[in-house]
Amino acid sequence: MRRLALAVLAVLTLTLPARADFIKNAAEWQRLGPDGQAAYAMAIFDVQSVVTADNKFTAARALGLRACGVGLQLKGAMVAQAINSFYNDHPEARVATPFVAFNGYFERGVCSPFINKVRQDMGLPPMKAPPLPSQNQQQPDQNQLQNQQQQNMQ
């Protein structure tokens, strides 16, 4: 009976669409709590450090993030703290997903020297700093923030 239940659960899991970005903003992020944030943050790190999409820019990011993780002996709580800091420091960006916050303070922050070293080794220019919205600008919507993240990746 137990095997049947596990088999049914596995089939149901495979039929659901994969969505890694189910936490949509800072409020949903806060509801995860510290342990959930650490797990989700490490999942973001894991995805970003292996996905290359046959693109030299994303490959450089992935290799740089891996070097950063090893060099800093990263833990999920450390990555979650960077996301929390981003949300605290930029209240106008609380509509952004944790992926955007990760990009803002982790990828473009503490791990940027590692990523830029790999980019240099691959003959690529250093990453551009992402422009953050000022208090005087209109609050960006989710699509604007994600488009901005994609543009800054190159």
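**Exercise 1. Decide whether Tyr-40 is buried or exposed, then describe its ring pair with Phe-22.**

Step 1. In this predicted model, Tyr-40 has a relative accessible area of 8%. Buried means under 20%, so Tyr-40 is buried.

Step 2. A pair of aromatic rings is described by the distance of the centres and the angle of the planes. For Phe-22 and Tyr-40 the centres are 5.2 Å apart and the planes stand at 90 degrees. Planes over 60 degrees apart count as edge-to-face, so this pair is edge-to-face.

Step 3. Tyr-40 belongs to helix H3 (residues 33–48), while Phe-22 sits in the loop between H1 and helix H2 (26–31). The pair therefore ties together parts that are 18 residues apart in sequence.

Step 4. Ring pairs also bring in Trp-29, which forms a cluster with Phe-22 and Tyr-40. The structure holds six aromatic pairs.

**Exercise 2. Classify the ring pair of Phe-45 and Phe-106 and state which helices it links.**

Step 1. The ring centres of Phe-45 and Phe-106 lie 6.2 Å apart, and their planes are at 85 degrees, so the pair is edge-to-face.

Step 2. Phe-45 is in helix H3 and Phe-106 in helix H6 (residues 98–110). With their positions 61 residues apart, the pair links distant parts of the chain.

Step 3. Both Phe-45 and Phe-106 are buried.

**Exercise 3. Work out how the buried and exposed residues of H7 are arranged around its axis.**

Step 1. Ser-112, Ile-115, Val-118 and Arg-119 are the buried residues of H7.

Step 2. These residues cover an arc of only 130 degrees around the axis, which means that they are on the same side of H7.

Step 3. Pro-113, Gln-120 and Asp-121 are exposed on the other side of H7.

Step 4. Just after H7 comes Gly-123, with a positive phi of about 80 degrees.

**Exercise 4. Locate Gln-73 and describe its backbone and exposure.**

Step 1. Gln-73 is found in the loop between helix H4 (56–72) and helix H5 (76–89).

Step 2. Most residues other than glycine have a negative phi. Gln-73 is not a glycine, yet its phi is positive, at about 50 degrees.

Step 3. The relative accessible area of Gln-73 is 59%. Exposed means over 50%, so Gln-73 is exposed.

**Exercise 5. Summarise the fold of the protein chain from its elements, burial and contacts.**

Step 1. The protein chain has eight helices and zero strands. Along the sequence this gives the pattern α-α-α-α-α-α-α-α.

Step 2. Of its 154 residues, 39% count as buried. The accessible surface comes to about 9200 Å², and carbon and sulfur atoms hold 58% of that surface.

Step 3. Among contacts with a separation of 6 or more, 62% come from residues 24 or more positions apart.

**Exercise 6. Identify where the predictor's confidence is lowest and highest among the elements, and where pLDDT stays under 50.**

Step 1. The mean pLDDT of the protein chain is 77, and 69% of its residues reach 70 or more.

Step 2. Among the elements, helix H1 (residues 2–15) has the lowest mean pLDDT (40), and helix H7 (residues 112–121) the highest (95).

Step 3. Over residues 4–20 the pLDDT stays under 50, and the model has three contacts beyond four places in sequence for this stretch. Residues 133–142 also have pLDDT below 50, with 13 contacts in the model beyond near neighbours in sequence.

Note on methods:
Residues are numbered from 1 along each chain as its sequence is written. This is a predicted model: local features need pLDDT of at least 70, side-chain atom pairs count only at pLDDT 80 or more; totals for chains, interfaces and linings use all residues. Side-chain values use heavy atoms; hydrogens and water are left out. pLDDT is the predictor's confidence in each residue, from 0 to 100. Helices (H or I, at least four residues) and strands (E, at least two) are DSSP runs, numbered from the N terminus. Contact means heavy atoms within 4.5 Å. Buried means under 20% relative accessible area, exposed over 50%, partly exposed in between (1.4 Å probe, protein chains only). The arc is that of the directions from the helix axis to the C-beta atoms. Accessible areas come from the Shrake-Rupley method with a 1.4 Å probe; for residues, only the protein chains shown count as cover. Rings of Phe, Tyr and Trp (its six-membered ring) pair if their centres lie within 6.5 Å; planes under 30 degrees apart count as stacked, over 60 as edge-to-face and the rest as tilted.
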